[in-house]
Protein chains: 2
Amino acid sequence: MSLLASLVFQGKQRVMALDAGDRGLAYGDGLFETALVHDGLVVWWPAHLARLSEGAARLRIPMPDVAWLASQVATFVAQAPARAVLKLILTRGVGGRGYAPPEAVEPTLVLSLHAAPAPWTTPLVLRWCDTRLAIQPALAGLKHLNRLEQVLARSEWRDPAIHEGLMLDTDGQLGCATAANVFALRDGRWLTPPVHRRGVAGVARAWVLANEPGAAQAELSATDVATADALFLCNAVRGILPVGRLGDRSWAPHPALALLQRRLGRSEPAFDPGS
Amino acid sequence: MSLLASLVFQGKQRVMALDAGDRGLAYGDGLFETALVHDGLVVWWPAHLARLSEGAARLRIPMPDVAWLASQVATFVAQAPARAVLKLILTRGVGGRGYAPPEAVEPTLVLSLHAAPAPWTTPLVLRWCDTRLAIQPALAGLKHLNRLEQVLARSEWRDPAIHEGLMLDTDGQLGCATAANVFALRDGRWLTPPVHRRGVAGVARAWVLANEPGAAQAELSATDVATADALFLCNAVRGILPVGRLGDRSWAPHPALALLQRRLGRSEPAFDPGS
């Protein structure tokens, strides 16, 4: 997706380029957020900020001053077109060789602005990926920079008719799509896998769990997914995406899904299908 | 460890700085090698090159032309002091947003030269880390850039009297130290965990397996380690490091270990304890 602009900071100091000794490069020692920018504002900014703060606390990366960060982001996205994507990367900063985090850490912040993806107007076509998600409670839930599993999974297909791939974990339970969370409708309730052993605690996922009556976390097998009454993916850039097909299973549009999409559109106009 | 020099290439083109959109930063989408430089030459260069090539093939990152790479590295390390450390990072290059690898990939190469670490003159003192290694066959063995597990494990202690930490995997079997492989002497044979489910196929580890009669791969429990007759760590920068203590277990110097160190010193003079 085409890059519109980018900025790099060491601590609060703007720098011209990323240092080749950054621990984000060396070890994936950092976090990221990907957000929709709509009419010059970051959609769900408080949720993105909260997740970033929680991730920084878990990895013990110093969190930038929140007022300073909010101000930098607001200025940066003010230049955005009506619809765009903000990517924010926070790393532990520049370090020497060796895994031990430096005593005095000055985190690196990279802000970049990208063209918004073209909207998907038809239900998604999915596949199962062969690449599995490892079970790692120490990192589960975080939107960290160690993303080789997703890179390998997404490189399994090039057919543009396939929109996304679902990943099982190494225990055979559903994890997520390569770049989205998954909800399955079973017995009238929307269910999504918990994220304490693998997966990412998605911002759109959290919105659904908080706002859809009966939505809950539950482990799901591949069979649970294939026999669900309806299925959707969600992420913070695209909102809620109905699934039309997974392998040889197909789903007709489901009224519960249309209802949920309308509810999201009322809550966040950026996700209104008519917007 | 202090940085002496660094160089960045996109493809074969030298560039002034790392692009903030590099996939090495975004996803840890790349590989690295850390090698000892001794008298202007990279120790075990063929083994480092072979591992890099194998990793690039598994991740489907285009491997740089080997003659070109060898020539760049040779020129780069010619400026090194008598003893130094070369770090080489190879990434999938600059990409847009999104996990899908770009169709036309121009890999990024970062070379950096660091001061050699001070030699350890006493047997190592180890601890057990709480952070576990995830089971991930798709990435096991590779020296890839997704190293948050090692960062978390190494950040568990700051006591300089503790030299290294051992990591179990999520199944409770020994994996490795945070920055070294592990061998345990049991029934007269040196045993090290296989690396097809987690861990890194270390260059020093491969040397021991190839050159020490009876050395073999075997799964080891924490008890197997604690009840071993001798224990050592190894990596390509420090060679073979005898372990003197792990928790409340201590080991006296073992003749088999002294023999192995002498054999390594004869094969690679850079690791001769007298050098």
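**Exercise 1. Burial of helix 5 in chain A**

Identify which elements cover the buried residues of helix 5 of chain A in this predicted model.

*Solution.* Step 1: establish the buried positions. In helix 5, residues 203-211, the buried residues are A:Val203, A:Ala204, A:Arg205, A:Trp207 and A:Val208. Burial here requires 20 or more other C-beta atoms within 10 Å of the residue's own.

Step 2: list the cover. It includes helix 2 of chain A, together with strand 10 (181-186), strand 11 (189-192), strand 13 (230-235) and strand 14 (239-246) of that chain.

**Exercise 2. Overall form of chain A**

Determine how the radius of gyration of chain A stands against the value for a compact globule with 275 residues.

*Solution.* Step 1: take the expected value. For 275 residues, a compact globule would have a radius of gyration near 19 Å.

Step 2: compare. Chain A has 19 Å, so the two agree.

Step 3: add further descriptors. The C-alpha trace of chain A spans about 55 × 40 × 35 Å along its principal axes. Seven helices and 15 strands make up its list of elements, and 48% of the 275 residues count as buried. Of the contacts in chain A between residues at least 6 apart in sequence, 72% join residues at least 24 apart.

**Exercise 3. The contact between the domains of chain A**

State which element of domain 1 of chain A gives the most to the side that touches domain 2 of chain A.

*Solution.* Step 1: set the bounds. Domain 1 of chain A covers 3-115 and domain 2 covers 124-270; their centres, taken over C-alpha atoms, are 25 Å apart.

Step 2: count the participants. Domain 1 of chain A supplies 18 residues to the contact, and domain 2 of chain A supplies twelve residues.

Step 3: assign the domain 1 side to elements. Strand 3 (30-38) and helix 2 (45-59) of chain A each give two or more residues. Strand 3 of chain A gives the most, with eight residues.

Step 4: classify this side. The residues from domain 1 of chain A divide into eight nonpolar, seven polar and three charged.

**Exercise 4. The contact between chains A and B**

Find which element of chain A gives the most to the side that touches chain B.

*Solution.* Step 1: count. The contact takes 47 residues from chain A and 47 residues from chain B.

Step 2: list the elements of chain A that give two or more residues. These are strand 1 (3-10), helix 1 (23-27), strand 5 (83-91), strand 6 (108-115) and helix 4 (148-154).

Step 3: select. Helix 4 of chain A gives the most, with five residues. The whole side of chain A comprises 23 nonpolar, 17 polar and seven charged residues.

**Exercise 5. The open sheet of chain B**

Explain why one side of strand 2 and of strand 4 of chain B is left without a neighbour in the sheet.

*Solution.* Step 1: write the strand order. Six strands of chain B form an open sheet, 2-1-6-5-3-4, with antiparallel pairing.

Step 2: inspect the edges. Strand 2 (13-15) and strand 4 (41-42) of chain B each have a single partner strand, so one side of each lacks a neighbour.

Step 3: examine the partner of strand 2. Strand 1 (residues 3-10) of chain B is joined to strand 2 by three bridges, and to strand 6 of chain B by seven bridges. B:Gln10 stands opposite B:Gln13 in strand 2, while its bridge partner in strand 6 is B:Thr108. B:Phe9 stands opposite B:Arg14 in strand 2.

Step 4: describe the connection. Strands 1 and 2 of chain B form a hairpin with two residues between them, and B:Gly11 in the turn has a positive phi of about 60 degrees.

Technical notes
Residues are numbered from 1 along each chain as its sequence is written. Chains are lettered from A and ligands numbered from 1 in the order in which they are written. This is a predicted model: local features need pLDDT of at least 70, side-chain atom pairs count only at pLDDT 80 or more; totals for chains, interfaces and linings use all residues. Two residues are in contact if their C-beta atoms, placed from the backbone, lie within 7 Å. Helices (H or I, at least four residues) and strands (E, at least two) are DSSP runs, numbered from the N terminus. Ala, Val, Leu, Ile, Met, Phe, Trp, Tyr, Cys and Pro count as nonpolar, Asp, Glu, Lys and Arg as charged, and the others, Gly among them, as polar. Two strands pair if DSSP finds at least two bridges between them. Domain bounds come from an automatic or database domain assignment. A residue is buried if 20 or more other C-beta atoms lie within 10 Å of its own, exposed if 12 or fewer, and partly exposed in between; C-beta atoms are placed from the backbone. The radius of gyration is taken over C-alpha atoms; the globule rule is 2.2 Å times the number of residues to the power 0.38.
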